[in-house]
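Reader: Please take me through this structure and say what each label rests on.

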Amino acid sequence: MTDRYSVIGRPISHTKSPLIHGLFAEVTDQDLTYGSIEGSLDGFAAQVRGFRDEGGRGMNITAPFKLQAFELADARSERASLAKASNALKFENGKIYAENFDGIGLLRDIEHNLQTPLAGLQVLVLGAGGAVRGALLPFLAAGPARLVIANRDLNKARTLAKEVNHERLWVSAYEDLAGQHFDLVINATSASLTGELPPIGVAVFTQALLAYELAYGKGLTPFLRLAQDAGVPRIADGVGMLVEQAAEAFEWWRGVRPQTRPVIDRLTVPLE
Ligand code: ATR
């Protein structure tokens with residue numbers, strides 16, 4: 001019987017997940033369908049259970065339901081637990097398992113696709129929200145020399161750093177970034193969604209090899225434009241992260257890892 005999967009979010013019409021997973025299924029010869037469900041703000045848990053009870057095998061979860069998905073699960077991975085959020089569920093043996101592949105997807109995109117291994121690098125991450133929570137464990141495991149989180153609300157960043165408690169994890173106010181140099185600068189704030197620039201100056205890019213924007217499909221965001229103007233040799237948006245997190249979920253569900261490059265190439269919109 002054909003196995004069923006779906007993404008659920010609100011709004012969901014813009015989702016690329018059915019396209020990505022459809023391509024993965026085709027190239028790996030997996031017998032599955034992958035659809036999309038518009039989530040209900042007061043009926044999310046019932047929708048997930050309903051999908052499972054009708055034979056669903058797994059789901060991807062997108063905004064604003066990642067926290068609820070994490071909470072309704074019976075068992076959770078360590079990285080989902082730190083993120084307090086889940087972007088992928090698996091239904092197996094009558095249980096709901098929660099994972100979070102956002103961070104590992106971002107890491108894979110940076111290290112493999114963009115050929116920038118984190119080991120020994122000075123890394124600056126802007127933002128301390130859900131996206132950063134999801135990324136910290138895989139990032140620290142990759143061995144950067146230092147990972148600095150900058151956030152407007154400094155207490156939020158401090159709380160997160162305390163939870164993780166790692167000697168190479170630091171917190172900085174935006175105004176204290178002056179004079180510090182980074183090899184990699186990642187914008188994990190939601191500023192680009194409203195066309196804003198986090199409060200950084202061009203100086204953070206002095207030594208940068210790569211500037212990475214988590215948002216995707218927004219073209220040259222103010223962050224990427226600043227990086228480009230500063231002469232950063234490589235800039236990237238989050239399309240690769242999107243495809244890599246999907247590949248992680250696909251492998252978790254199906255036990256086979258699809259190639260990501262052709263799918264990334266298909267979805268990439270030039271940054272201009
Ligand atoms: P996500 O799940 O995408 O991380 P979130 O949890 O709502 O979203 O977090 C949004 C992040 O973007 C926060 O770190 C927020 O900073 P504050 O905690 O200081 O509010 C950050 N953010 C949003 N708009 C921003 C802006 N214009 N400049 C800088 N940071 C911004």
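**Loops, helix contacts and empty space**

Author: Pro64 lies in the loop between E3 and H3. The model is a predicted one.

Reader: What kind of peptide bond joins Ala63 and Pro64?

Author: The bond is cis, with omega at about 5 degrees.

Reader: And where is the place of Pro11?

Author: Pro11 sits in the loop between strand E1 (3-9) and H1. The peptide bond joining Arg10 to Pro11 is also cis, and its omega is about 0 degrees.

Reader: What is notable about phi of Asp29?

Author: Phi is near 60 degrees, which is a positive value, and the residue is not glycine. Asp29 belongs to the loop between H1 and strand E2 (32-38).

Reader: Now the helices. Why is H1 called oblique to H9?

Author: The axes of H1 (residues 17-28) and H9 (residues 239-254) cross at roughly 50 degrees, coming within 10 Å. Angles under 35 degrees count as roughly parallel, and those from 65 to 115 as roughly perpendicular. The crossing angle falls in neither range, so H1 is oblique to H9. The hand of this crossing is right.

Reader: Which residues make the contact between H1 and H9?

Author: H1 brings Ile20, His21, Phe24, Ala25 and Thr28, while H9 brings Leu242, Val243, Ala246, Ala247, Phe250 and Trp253. By class there are nine nonpolar residues, two polar and no charged.

Reader: Why is H5 called oblique to H6?

Author: H5 and H6 pack at about 50 degrees, with 7 Å between their axes. Once more the value is neither under 35 degrees nor in the range 65 to 115, so H5 is oblique to H6. The crossing of these two helices is right-handed.

Reader: What makes up the contact of H5 with H6 by class?

Author: Gly103, Ile104, Leu106, Leu107 and Ile110 of H5 meet Gly134, Ala135, Pro138 and Phe139 of H6. The count is seven nonpolar, two polar and no charged residues. Gly counts as polar, so Gly103 and Gly134 fall in the polar class.

Reader: At what angle do H5 and H9 pack?

Author: H5 (residues 102-113) packs against H9 at an angle of about 120 degrees, and the axes are 7 Å apart. That crossing is right-handed.

Reader: How many charged residues has the contact of H5 with H9?

Author: Five are charged, beside four polar and three nonpolar ones. On the H5 side are Asp102, Ile104, Gly105, Leu106, Arg108, Asp109 and Asn113. They meet Gly240, Met241, Glu244, Gln245 and Glu248 in H9. Asp, Glu, Lys and Arg count as charged, so Asp102, Arg108, Asp109, Glu244 and Glu248 fall in that class.

Reader: Turn to the empty space. How many cavities of 30 Å³ or more does the structure hold?

Author: One. The space in the largest cavity is about 60 Å³.

Reader: What makes a space a cavity rather than a pocket?

Author: In a cavity a 1.4 Å probe fits but cannot get out, whereas a pocket is an open set of points.

Reader: Which classes do the residues of the lining of the largest cavity divide into?

Author: Eleven are nonpolar, with no polar and no charged residue. The lining consists of Leu106, Val125, Ala131, Val132, Ala135, Leu136, Phe139, Leu147, Ile186, Ala188 and Leu214. Ala, Val, Leu, Ile and Phe count as nonpolar, so each of these residues falls in that class. Helix H6 (residues 130-141) gives the largest share, five residues.

Reader: What volume has the largest pocket?

Author: About 1400 Å³. Its lining holds 48 residues, and Ala63, Lys66, Ala131, Leu193 and Leu214 lie nearest the centre.

Reader: Which elements each supply at least two residues of that pocket lining?

Author: They are strand E3 (56-61), helix H3 (66-72), H6 and H9. The largest share is that of H6, with four residues.

Reader: And how do the residues of the pocket lining divide?

Author: There are 22 nonpolar, 16 polar and ten charged residues.

Key: Residues numbered from 1 in each chain as written. Predicted model: local features only at pLDDT ≥ 70, side-chain atom pairs only at ≥ 80, totals over all residues. Heavy atoms only, no water. 1 Å grid on protein atoms, 1.4 Å probe; cavity = no way out; pocket = protein on both sides within 12 Å on 5 of 7 lines; lining within 4 Å. Points joined across faces, edges and corners; volume = space filled by probe spheres on them. Axes fitted to C-alpha atoms, helices over the stretch in contact; angles between N-to-C directions. Parallel < 35°, antiparallel > 145°, perpendicular 65-115°, else oblique. Left-handed = near helix turned anticlockwise from the far one by under 90°. Contact = heavy atoms within 4.5 Å.
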